[in-house]
Structure formats: C-alpha cells, structure tokens
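Good morning, colleagues. Please have the sequence and the model open in front of you, as I shall refer to both throughout this short presentation.

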Amino acid sequence: MDAVIRSRSGAELTVEDETQLLDTIRTWLRRDVEDKVLELEHADEYPYEMVEQMKQLGLFGATISQDYGGLGLPAQTYAKIVAMISETWMSLTGIFNSHLMMAAAVERFGTEEQKSRFLPRFATGELRGGLALTEPHCGTDLQAIRTKAVRDGDDYVVNGGKTWISNGIEGGAVALLVKTDTEIEPRHKGMSLFVAEKGPGFTTGRKLKKLGYKGIDSAELIFEDYRLPAANLIGGVEGKGFQQTVGGLELGRINIAARGVGVATAALMKAVEYAQIRETMGKPIGQHQAIQLKLGEMATKRRAAELLMLDAAQAYDRGERCDMEAGMAKLFASETALENATECMRIHGAYGYSAEFPVERYFRDAPLMCIGEGTNEMQRIIIARQMLARHPA
C-alpha cells in the first residue's frame, strides 16, 4: 500500500501522486517559465500566459477542498510546490498564495452558502484575489485599521483604503478586513472580514513600484461608499474578522518559508555551478577554501530551512496550533534566503551584480520574506511567547 500524506481536512494524497504532481510542475517551469522570467521581471510585466497555465495546473485551487473543485493538497505538498516555483521565479507564488489565503478564510469560517457560492469560482481561478489587510498607517498591528463598514439594510457601506495588496489590480475580489464597531474594547472585537468583489465604489489606485517581487501587481485599493452585501460577511457574524485573519496567517507564513527555501536553493545552486566554472590562480574558485566555507554554510542553512518548513507544514496538516512552528520556519528560511542571495552575489562578483543574470534578482527578492506575513522581529516575539506558554515554570 502506498504511503499517504494527509491534509488538515483529512484528505489523502499518495506519495506517488505527490511525486507526479511535482514532476508536472517542474516540467512546466522548464518548458514555459524559465526562459521568460528575465524579460518579464525586468519589465515588471504581469505574466498573463503563465496565470492561464497555472489555472490549468489547478494551482488556484491547490489547498481548496476537492468538494468545491480544488486539489485539496496537504500543506506539506503545497509548500514543496511553492519552494519549487520560487526557485525559478518567486513572484508567481504570490499570485496564487494570497488568493488561497482568501479561499482558506471562506472554507474555514464561511457559511455553507458562502462556501458553495465562492469556493468553486476560486478553485478554477475564474474569480481571483487576495487579502486586503494592510493600510497606509498599519501593517503588523491589524487592530489599528481604519477602513469602516456601516450596516445599511441588507448591505454594508464601506469607506477607507488599503495598500500593498497583492492581486489588487488583476484580481476580482479580496477578503476585506474592516471595522464594523469602532468603539468596542478590545479593538479586535470590532473587526469583521468580508468577501468583497469589485464594483461601484471599489476602485484600484496606483500600482506600487517595488525593489523586487516584480510581475505581480501590488496596489492601493480605495473604497468610497462601496455597498457590500451583508451575505458576504464571512461566517455571518460581526466581530470575528481578527481571529479569522490571524488563523490564516499560519499557512501564509509556511508559504513565506517555502519561498525562502526556493530562493535559498536557487542562490546555492547558482553559486555551486559558478564556483566550478570560474577560475582564479589557476584553478576553479570552488577549490579555494574561502569559497568552500561559504558553500558549506549556504547548503547547511538551506537544508535546515527546508526541514523547518516541512515541520511547520506537517503540524498544520495534523490540525495543531502551529504559530510557533510557522514563525520559526518563516524566520529562519527568510533570513537564509537573504544570506544565500548575498553570498551568491559575492561569489559571482561583477556577474552577480549584472542585470543580465538571475543572481541580482535573488538579492532583490529575498528581503521581502523578512518583512511579509509579519516581520521577523515579530516572529521572534511570537516564538518566545509560545515557548513561555508551552513550558510554564
């Protein structure tokens, strides 16, 4: 009997099926992605053709239950996919990850009617989007949001703005975090989460320019007397938005860890390759002890990051609370990606600094993982608090 991998919902995937899925994605990356990344990335151009291909691969439904047309993949399989794609072009993972976090909020907390209405459309990629949490004056401190939704009959009227929203331009919907009660204490009890589809009063502002993470659109969203049906309040009860959002960040941080593993792997392998080609003092630089010390450190940390990623994903699949494990994986993998990217650039010398090669892209992409889905400073605090809570004196 084939070994199986179980998802959080109890769905099973055989190891053989996982291997075939990963092989399919690897083939797609080599055939349709690798040779096009450099041009798209430097042009900061949205990869429309690749998005259509990702639809066909089922990536927009990767973690959505098969009951609603998704693949229902375990988190550990999903993390391997994200790492593999990030090794080729990290930006692609953001197009479906933010989308899947929105879908996870509906699947975990939504009403049956909401699941039936939204999840099949999410799974096919017909309706794509992401999370609309961050505002110009708040990021990690979600309780400081100011976007408000006021009940008016069968609708809510929304006013406010969001920023740095992935899929904000090309997507058709967002999971929108708002304040439905601005007076209640503690503040998180006044927060609610909605599925907000684009329509009158919901407009997209400018596309934000970024150091790295090119291709994917990061945008400002503007809400001016935007009427949102009350039927789109996730779960149907006000005041649950903070918990619904934080509950989805575990998977989001596992995703960031996987991205870190992918970038760290790409940087390591490019460094290993170049160290065998470039010669100084009559021999390949990989034969110099100074370079070997770098490669040994890079390889060890990359492997450790991968194991932390899998540990967090397995805890998630078991249905356990895993904010500490996800925080550890995200912290270590993102820092490893940044370190490996930096060392890869140094090993390549001037070629690492050239825009004609992918090395400088790793160097620009890696810092995002140290910031996204909660800063690494915040991850250290989460880890410490969980250690104290789990091991009382």
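I begin with helix 4, residues 75-89, which packs against helix 7, residues 241-277, at an angle of about 40°, the two axes lying 7 Å apart. Please bear in mind that this is a predicted model. Two packed helices are described by the angle between their axes and the distance between the axes. Helix 4 and helix 7 are therefore oblique to each other, and their crossing is right-handed.

Which residues make this contact? On helix 4 they are Ala75, Tyr78, Ala79, Val82, Ala83, Ser86 and Glu87. On helix 7 they are Leu251, Ile254, Asn255, Ala258, Arg259, Val261, Gly262, Val263, Thr265 and Ala266. Sorted by class, the contact of helix 4 with helix 7 comprises eleven nonpolar, four polar and two charged residues.

Helix 4 also packs against helix 8: their axes come within 8 Å and cross at roughly 145°. Here helix 4 contributes Ala75, Gln76, Ala79 and Lys80, while helix 8 contributes Met309, Leu310, Ala313, Gln314, Tyr316 and Asp317. Six of the residues in the contact of helix 4 with helix 8 are nonpolar, two are polar and two are charged.

I turn next to helix 9 and helix 10. Helix 9 spans residues 323-348 and helix 10 spans residues 359-371; they pack at an angle of about 160°, with 8 Å between their axes. That angle makes helix 9 roughly antiparallel to helix 10. The crossing of helix 9 with helix 10 is left-handed. From helix 9, the residues in contact are Lys330, Ser334, Glu335, Ala337, Leu338, Ala341, Thr342, Cys344, Met345 and His348. From helix 10, they are Val359, Glu360, Tyr362, Phe363, Ala366, Pro367, Met369, Cys370 and Ile371. The contact of helix 9 with helix 10 divides into 13 nonpolar, three polar and three charged residues.

Now to the charged side chains. How many salt bridges does the structure hold? There are 26, and I shall present some of them.

One is formed by Asp152 and Arg227, with 2.7 Å from N to O. Asp152 belongs to strand 4, residues 148-152, and Arg227 to strand 9, residues 218-229, so that this pair links distant parts of the chain, 75 residues apart. Asp152 is partly exposed, at a relative accessible area of 39%, and Arg227 is likewise partly exposed, at 41%.

Strand 9 takes part in another of these pairs, between Glu220 and Arg206, whose closest N and O atoms are 3.3 Å apart. Glu220 sits in strand 9 and Arg206 in strand 8, residues 202-207, with their positions 14 residues apart in sequence. Are these two residues buried, partly exposed or exposed? Glu220 is partly exposed, with a relative accessible area of 22%, whereas Arg206 is exposed, with 52%.

Helix 9 returns in the salt bridge between Glu343 and Lys294, at 2.8 Å from N to O. Glu343 lies in helix 9 and Lys294 in helix 8, residues 289-317, so the pair ties together parts that are 49 residues apart in sequence. Lys294 is partly exposed, with a relative accessible area of 23%. In addition, Arg321, Asp323, Glu325 and Arg390 are linked in a network of salt bridges.

Finally, I come to the backbone. Most residues other than glycine have a negative phi, and most peptide bonds are trans. Where does Pro186 lie? Pro186 is in the loop between strand 6, residues 173-179, and strand 7, residues 191-197. The peptide bond joining Glu185 and Pro186 is cis, with omega about -10°.

Tyr213 has a positive phi of about 55°, although it is not a glycine. Tyr213 is located in the loop between strand 8 and strand 9. With a relative accessibility of 6%, Tyr213 counts as buried. Asp225, also not a glycine, has a positive phi of about 50°. Asp225 is found in strand 9 and is exposed, with a relative accessible area of 53%.

I close with Asp17, a residue of helix 1, which covers residues 15-33. Asp17 is partly exposed, at a relative accessible area of 36%. From Asp17 to Val4 the separation is 13 residues in sequence and 9.2 Å in space, C-alpha to C-alpha. Thank you for your attention.

How values were computed. Residues numbered from 1 in each chain as written. Predicted model: local features only at pLDDT ≥ 70, side-chain atom pairs only at ≥ 80, totals over all residues. Heavy atoms only, no water. Axes fitted to C-alpha atoms, helices over the stretch in contact; angles between N-to-C directions. Helix = DSSP H or I, 4+ residues; strand = E, 2+ residues; numbered from the N terminus. Parallel < 35°, antiparallel > 145°, perpendicular 65-115°, else oblique. Left-handed = near helix turned anticlockwise from the far one by under 90°. Contact = heavy atoms within 4.5 Å. Nonpolar A, V, L, I, M, F, W, Y, C, P; charged D, E, K, R; others polar. Salt bridge = Lys/Arg side-chain N within 4 Å of Asp/Glu carboxyl O. Buried < 20%, exposed > 50% of the residue type's maximum accessible area, 1.4 Å probe, protein only.
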